[in-house]
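Me: Could you take a close look at how the strands pair in this model, and then work outward to the helices? I would like one connected walk-through that I can follow in the viewer.

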Amino acid sequence: MTADLPDQPARGGLRASNAERDAVVERLREAAAEGRIELDELEARLDVALTARTHADLEPLTADLPPVAPSTPLVVKGGVHGVTRGGRWEVPALITVHGGMGGAKLDFTRTRCPLPEIEIVVQGDLGGVVLVVPDGWAVDTTGLEPGLGGLTDKTTPDRLAGTPLVRLTGNAGVGGSVVRHPNRWERRKLEKNPPH
């Protein structure tokens with residue numbers, strides 16, 4: 001004789017773990033410290049978080065808060081064949097990118113970045129580095145040495161509210177470095193498939 005098992009629940013109906021409850025509690029406390037929610041609202045949300053049984057109970061508690069960007073630095077290496085980091089990805093506060101022999105390209109046009117500032121340490125090496133940032137993002141290149149390959153900055157200085165400032169440091173190397181907004185072909189792709 002077999003025991004009756006419950007149907008597989010949708011993600012919201014899955015049981016929440018202690019670690020998931022603790023993560024929501026920590027995010028709520030951070031939001032209160034940032035001034036995003038009032039103390040009485042914090043208490044009410046904490047009560048729900050601590051007694052939550054499912055993901056559906058937890059998800060509304062942080063749904064109106066911006067996502068927390070990853071704090072672990074990202075290292076991207078072009079190697080022999082080159083590398084492109086594009087699409088939707090979480091942007092950390094610190095990125096180190098090595099052009100290697102094949103070059104490296106970081107495309108930020110589909111990312112969501114709540115950070116006020118990003119530091120990118122560029123090592124252009126032989127292959128060089130290309131950075132593509134959305135319109136409205138400002139880039140400070142004063143900390144980047146041009147190296148033998150030089151630096152080409154095709155960005156506009158107009159920074160939109162709520163967008164990050166990208167600070168470049170390091171050395172453009174032999175391959176050089178280019179920082180720019182999307183080109184015509186990339187814009188066409190974004191229009192056909194908007195990032196958000």
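Reply: Happy to. Let's start with a single pair of residues: arginine 85 has leucine 106, in β4, as its bridge partner. Keep in mind that this is a predicted model. The two residues belong to a pairing between strand β2 (residues 83-85) and strand β4 (residues 104-107), where three bridges hold the strands in a parallel arrangement. Strand β4 also pairs with β6, again in parallel, through four bridges. To find that second pairing in your viewer, go to alanine 104, which stands opposite valine 129 in β6.

While you are at β6, look at the loop before it. Aspartate 125 sits in the loop that links β5 (117-123) to β6 (129-132). Its phi is near 55 degrees, a positive value in a residue that is not glycine. How buried or exposed is aspartate 125? Its relative accessibility is 32%, so it counts as partly exposed, since the partly exposed class lies between 20% and 50%.

Going back through that loop brings us to β5, and with it to another sheet. Five strands make up this open sheet, in the order β1-β3-β5-β9-β7, and the pairing is parallel. Its edge strands are β1 (74-77) and β7 (138-145), each of which pairs on one side only. On average, neighbouring strands here are turned by 15 degrees against each other, with direction ignored.

Now for some of the pairings inside this sheet. Seven bridges connect β5 with strand β9 (residues 165-171), and the two run parallel. One point to check there is isoleucine 118, whose bridge partner in β9 is valine 166. At the β1 edge, four bridges pair β1 with strand β3 (residues 94-98) in the parallel sense. Valine 75 has threonine 96 of β3 as its bridge partner. Strand β1 also has two contrasting faces: Leu74 and Val76 are on the covered face, while Val75 and Lys77 are on the uncovered one. Valine 75 therefore gives you a handy marker, as a residue of the uncovered face that is bridged to threonine 96.

Let's move on to the helices. Two packed helices are described by the angle between their axes and by the distance between those axes. For α1 and helix α2 (residues 39-51), the axes come within 9 Å and cross at roughly 175 degrees. This angle makes α1 roughly antiparallel to α2, because angles over 145 degrees fall in that class. On the α1 side, the contact uses Arg21, Val24, Val25, Leu28, Arg29 and Ala32, and on the α2 side Leu42, Arg45, Leu46, Ala49 and Leu50. Sorted by class, the contact of α1 with α2 has eight nonpolar residues, three charged ones and no polar ones.

Helix α1 (residues 18-33) also packs with helix α3 (residues 55-62), at an angle of about 15 degrees and with the axes 10 Å apart. That makes α1 roughly parallel to α3, because the angle is under 35 degrees. The crossing of these two helices is left-handed. Here the contact is made by Glu20, Arg21, Val24, Arg27 and Leu28 from α1, together with His55, Leu58, Leu61 and Thr62 from α3. By class, the contact of α1 with α3 has four nonpolar, two polar and three charged residues. If you select Arg21, Val24 and Leu28 of α1, you will have residues that take part in the contact with α2 and also in the contact with α3.

Key: Residues numbered from 1 in each chain as written. Predicted model: local features only at pLDDT ≥ 70, side-chain atom pairs only at ≥ 80, totals over all residues. Heavy atoms only, no water. Buried < 20%, exposed > 50% of the residue type's maximum accessible area, 1.4 Å probe, protein only. Axes fitted to C-alpha atoms, helices over the stretch in contact; angles between N-to-C directions. Parallel < 35°, antiparallel > 145°, perpendicular 65-115°, else oblique. Left-handed = near helix turned anticlockwise from the far one by under 90°. Contact = heavy atoms within 4.5 Å. Nonpolar A, V, L, I, M, F, W, Y, C, P; charged D, E, K, R; others polar.
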